[in-house]
Amino acid sequence: MGLIVFPIVAMVLSRRPQPEQKRYTLPLGYMIAVTGGIIGLHRFYVKSMIGLVYIPIFLFILYANSQEHDARTVLSDYQNQMRVAERVLEREEGRVAEARADLDEIRAAVEAAEEGSFARRGAERRLERAESTIATGEERLTEARATIEQMGPQRDEASVARAFWDTAAGYAFYAILALLAIDFVLLPGLVKRANAALPAHEEMTEAEKALRAAEAEEGPKHDRDYAENWIDRLSLFCGEFVAYWAVIAVFVYYYEVIARYVFGSPTNWAHESMYLMFGMQYLISGAYAMMTESHVRVDIFYAPLSRPKKAWVDLLTSIFFFIFAGTLLVTSWIFAMDALAVPTGNSVVSEWARGNLGFFEMLGSLSGGQWTDPNIRWGEISFNEWEVPLWPMKWVMVMGGLLLVLQGVSKLSKDIREIARGN
């Protein structure tokens with residue numbers, strides 16, 4: 001939902017007319033408080049230096065968590081050593097007791113056997129093994145008891161240290177929450193005072209004046225100026241849509257950092273989800289990059305040419321482009337169908353991908369349960385514990401290939417028209 005809803009909301013908000021004079025807004029203040037309030041960014045937003053109070057508390061949380069992590073590592077090491085020693089006690093005490101119980105019987109067998117006979121030599125070997133077992137076992141028991149006696153106090157000390165730093169970090173975090181709760185109440189007044197402190201008319205700096213003059217001389221240039229037909233507008237929309245996904249990555253990685261270093265609870269989904277999201281962004285924005293000519297290329301010989309000559313070059317090299325784009329589209333279609341048809345997939349769509357259902361039969365079998373039943377799996381999934389479905393990403397490859405082919409058709413038509421005008 002974030003990949004779909006957030007870009008739409010962001011596109012609507014970005015098209016709102018911006019006020020001529022800079023103003024502080026309450027919604028933005030609350031958003032900053034929610035996302036960065038843990039270090040007082042909402043206070044800095046309204047020019048309040050009280051935000052500096054948050055920073056040492058936050059740094060103390062990081063330090064306390066670091067100390068708690070170290071204490072937990074030490075405690076785990078002591079506990080492992082004590083568990084090993086306890087297992088040695090449990091194992092060796094039984095062996096030593098059994099060997100001692102058999103020792104008198106083995107000695108009697110040695111005494112009863114004839115000197116130099118096979119029975120005598122066998123009994124002596126059993127006696128030697130029993131005595132070796134007792135000696136070795138006693139040595140191991142002594143070491144294990146010494147380990148338990150030594151590690152016990154150290155384990156308790158490490159446990160106390162871990163509990164202390166964990167409690168200290170918790171109290172510091174509660175202090176930040178208390179400060180945030182107070183600031184949530186005070187924020188409307190803070191925003192009002194910050195706006196009241198703004199000058200009635202803000203003078204532009206020399207750099208801003210020079211930039212405005214350069215923009216006025218050059219004229220407005222927007223991506224929409226590249227759009228000449230519905231294919232261009234589609235590529236423009238898709239490129240702008242997925243561009244806002246980068247903002248989602250900021251929030252996700254911010255959450256991951258806070259969860260990992262403040263709460264000591266890293267996620268198992270943040271890195272992989274962003275990895276997949278940027279892959280989809282790359283695929284969908286390919287047509288946008290082609291339309292706006294924002295991709296990287298070496299054009300030492302191409303740049304000096306006139307527009308008709310460039311059109312001829314583009315027309316000839318489009319052969320290689322369509323070979324690549326067509327291969328991408330066909331290959332991604334195969335990948336997408338294979339992703340739905342993997343043996344673990346048991347939805348009706350997977351059955352269709354495997355050829356067990358017709359297309360219209362599959363559509364007629366779709367129901368709400370296909371989307372909500374946890375026992376129904378739609379094809380390929382990732383191989384980690386998150387088990388995210390991978391088939392949507394494979395179908396985005398198809399979308400990216402199709403958009404690229406369409407944009408190639410649009411570029412081809414533009415080149416043909418340019419050549420016709422030049423002639």
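## Close-up views of an all-helical predicted model

**Figure 1. The whole chain at a glance.** Of the 423 residues in this chain, 35% count as buried. Please keep in mind, as you browse the views, that this is a predicted model. The chain has 15 helices and 0 strands. Its radius of gyration is 36 Å, well over the 22 Å that the globule rule gives for 423 residues, so the chain is more spread out than a compact globule. Measuring along the principal axes, the C-alpha trace spans about 120 × 65 × 55 Å. About 27000 Å² of the chain is exposed, with carbon and sulfur atoms supplying 63% of that area. Among contacts between residues at least 6 apart in sequence, 72% join residues at least 24 apart.

**Figure 2. Tyr-24 meets Tyr-45.** The structure holds 14 aromatic pairs, and this view shows one of them, the pair of Tyr-24 and Tyr-45. Their ring centres are 5.3 Å apart and their planes stand at 85°, so the pair is edge-to-face. Tyr-24 comes from the loop between helix 1 (2–14) and helix 2 (26–36), while Tyr-45 belongs to helix 3 (residues 41–45), so the pair ties together parts that are 21 residues apart in sequence. Both partners are tucked away from the surface: Tyr-24 is buried, with a relative accessible area of 8%, and Tyr-45 is buried too, at 16%.

**Figure 3. Phe-241 and Trp-245, another edge-to-face pair.** Here the ring centres of Phe-241 and Trp-245 lie 6.4 Å apart with their planes at 70°, so this pair is also edge-to-face. Phe-241 and Trp-245 are both buried.

**Figure 4. An aromatic cluster of Tyr-63, Phe-164 and Trp-165.** Take a moment for this group: Tyr-63, Phe-164 and Trp-165 together form one aromatic cluster.

**Figure 5. The surroundings of Glu-380.** Glu-380 sits in the loop that runs between helix 14 (369–372) and helix 15 (391–422). Its side chain makes a polar contact with the side chain of Lys-394, at 3.0 Å. Leaving aside residues up to four places away in sequence, Glu-380 touches Ala-339, Val-342, Val-388, Pro-389, Leu-390, Trp-391 and Lys-394. Lys-394 therefore appears twice in this view, as a touching residue and as the polar partner of the Glu-380 side chain.

How values were computed: Residues numbered from 1 in each chain as written. Predicted model: local features only at pLDDT ≥ 70, side-chain atom pairs only at ≥ 80, totals over all residues. Heavy atoms only, no water. Helix = DSSP H or I, 4+ residues; strand = E, 2+ residues; numbered from the N terminus. Polar contact = N/O pair within 3.5 Å; in protein donor to acceptor, adjacent residues only side chain to side chain. Contact = heavy atoms within 4.5 Å. Phe/Tyr/Trp six-rings, centres within 6.5 Å; stacked < 30°, edge-to-face > 60°. Buried < 20%, exposed > 50% of the residue type's maximum accessible area, 1.4 Å probe, protein only. Rg over C-alpha atoms; globule rule 2.2 N^0.38 Å. Areas by Shrake-Rupley, 256 points an atom, 1.4 Å probe, with all protein chains shown as cover.
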